[in-house]
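Here's a walk through one model, starting at the ligand and working outwards. Have the 3D view open as you read.

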Amino acid sequence: MSDGAKVVALSGGIGGAKLALGLDRLLPACALTVVANTGDDFNHLGLHVSPDIDTLLYTLAGLDDPTKGWGRRDETWTFMKAIAALGGESWFLLGDGDLATHVERTRRLGAGETLSMVTEAFRQRFGIASRILPMSDDAVRTRVRTDEGWLDFQHYFVRRRCEPAVEALEFTGAVSARMAPDVAAAIADPALAAIIICPSNPYLSVDPILAVPGMREALRARRVPALAVSPIIAGQAVKGPTAKMMAELGLEPSAATVARHYEGLIDGLMVDALDADVEVPAGMRVFAAATLMRSLDDRIYLARTVLAAVAELAGGRA
Ligand code: FO1
């Protein structure tokens, strides 16, 4: 990519953050803007919790728990033990260090800062070079209609461990939400060279971002190549409920279904080598590589491969 070129990546939590880390390590400082899903945010114990923003912050700062994928490494759990002993809510695990993030975020929001401002302050404190932006400063909340009724996202995901069958999803507040100002600026930036959709759950993590008015339209009207990385490998999700949920929604869990989901929004789909023969809508290019990211080297390799693919797509557009 040319000097000064910018990249926007749309990301959920764990899977998306892995590719975001690879991109962060490869691209020059400030070249990468990661737009984070905030549909998973919720108020818990009076605190504003932003799981996907925090997973991105901790991952890019090298503070993440590599085993769980969420929360901080070397965490202690005194608060959780104490609240459980009091009979308080203990189904959502908040480590002591992580708790500080939620307390300070909640304090700043209460003092009038926007979620974008708080996230930017934390990014600077953590010494992260790439920008991390919430998709919106307005509340958009993912809700899941299941065979047990409507559930707030974290109640479905963590409290009920994704066990209820999913029938439908809704993103409350999306229609009136505004794109966060820096997100709109990043997408309109003349130096923007590519848009990447990280290997996050298309339905739970990327769709809430696309539901923010202007986002889907911006992708449809893109002047630069857009590429998505499939989170499905050989019919299986790397982590999380993506494949189970797709089956419950009557969709075949496959890279082909992911391709159809993003039809009109992307120029290329990066699939795993096991899915190299995937059928995609007309006009969409397929790139195949090893997309499973176990190590930092895997993340950097995939990021390099993704950037080479968007450069190839850009050549085709010229
Ligand atoms: N995920 C879990 O499965 N169990 C938890 O107790 C849990 C706590 C938690 C605390 C802070 C945070 O930022 C994330 C946390 N997550 C937990 C992960 C998170 O809820 C989901 O992975 C995302 O929302 C999906 O992207």
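What follows covers the ligand site, then a few helices and loops.

## Ground rules

This is a predicted model, so local features need a pLDDT of at least 70 and side-chain atom pairs count only at pLDDT 80 or more, while totals for chains, interfaces and linings use all residues. Residues are numbered from 1 along each chain as its sequence is written, and side-chain values use heavy atoms, with hydrogens and water left out.

## Around the ligand

Start with the pocket: the ligand sits in the largest one. A pocket here is worked out on a 1 Å grid over the protein atoms alone, as an open set of points with protein on both sides within 12 Å along at least five of seven lines. A molecule "sits" in a pocket if more than half of its atoms lie within 2 Å of the pocket's grid points. Two elements give two or more residues to the shell around the ligand, namely helix 2 (51-61) and helix 6 (153-159). Helix 6 gives the largest share, with four residues. Helices (H or I, at least four residues) and strands (E, at least two) are DSSP runs numbered from the N terminus.

Which residues come nearest? Out of the 13 around the ligand, they are D40, D52, F92, L93 and Q154; a residue counts as near if one of its heavy atoms lies within 4 Å of the molecule. By class, the shell has nine nonpolar, one polar and three charged residues. In that scheme Ala, Val, Leu, Ile, Met, Phe, Trp, Tyr, Cys and Pro are nonpolar, Asp, Glu, Lys and Arg are charged, and the others, Gly among them, are polar.

## Polar atoms at the ligand

Three of these neighbours put polar atoms beside ligand oxygens. D52 has a polar side-chain atom 2.9 Å from an oxygen atom of the ligand, and a polar side-chain atom of Q154 also lies 2.9 Å from a ligand oxygen. With L93 it's a polar backbone atom, 2.8 Å from an oxygen atom of the ligand. On its own the ligand has 530 Å² of accessible area, and the protein covers 89% of that. Accessible areas come from the Shrake-Rupley method with a 1.4 Å probe, and for residues only the protein chains shown count as cover.

## Helix 2 and what comes after

Why is helix 2 largely enclosed by the rest of the structure? Because 10 of its 11 residues are buried, where buried means under 20% relative accessible area, exposed means over 50%, and partly exposed is in between (1.4 Å probe, protein chains only). D52 is one of those buried residues, and its side chain has the polar atom 2.9 Å from a ligand oxygen.

Right after helix 2 comes G62, with a positive phi near 75°. Further on, D74 lies in the loop between helix 2 and helix 3 (78-85). D74 isn't a glycine, yet its phi is positive too, at about 50°. Is D74 buried or exposed? It's exposed, at 74% relative accessible area.

## Helix 6 to strand 8

Back at the other ligand-shell helix, C162 is in the loop between helix 6 and strand 8 (166-172). Its phi is positive, near 60°, in a residue other than glycine. C162 counts as buried, at 9% relative accessibility. Over in strand 8 you'll find L169, which counts as partly exposed at 23%.

## Other spots to check

In helix 5 (residues 115-126), look at R123. It's buried, with a relative accessible area of 11%. The R123 side chain makes a polar contact with the side chain of E120 at 2.8 Å. Such a contact is a pair of N or O atoms within 3.5 Å; within protein, one must be able to donate a hydrogen and the other to accept it, and residues adjacent in sequence count only if both atoms are side-chain atoms.

A few pairs link separate parts of the sequence. A303, in helix 12 (residues 296-317), is buried at 0%. Its C-alpha is 8.9 Å from that of R25, 278 residues apart along the chain. A139 sits in the loop between strand 5 (131-134) and strand 6 (141-146), and its C-alpha is 6.2 Å from that of G173, 34 residues apart in sequence.

Technical notes
1 Å grid on protein atoms, 1.4 Å probe; cavity = no way out; pocket = protein on both sides within 12 Å on 5 of 7 lines; lining within 4 Å.
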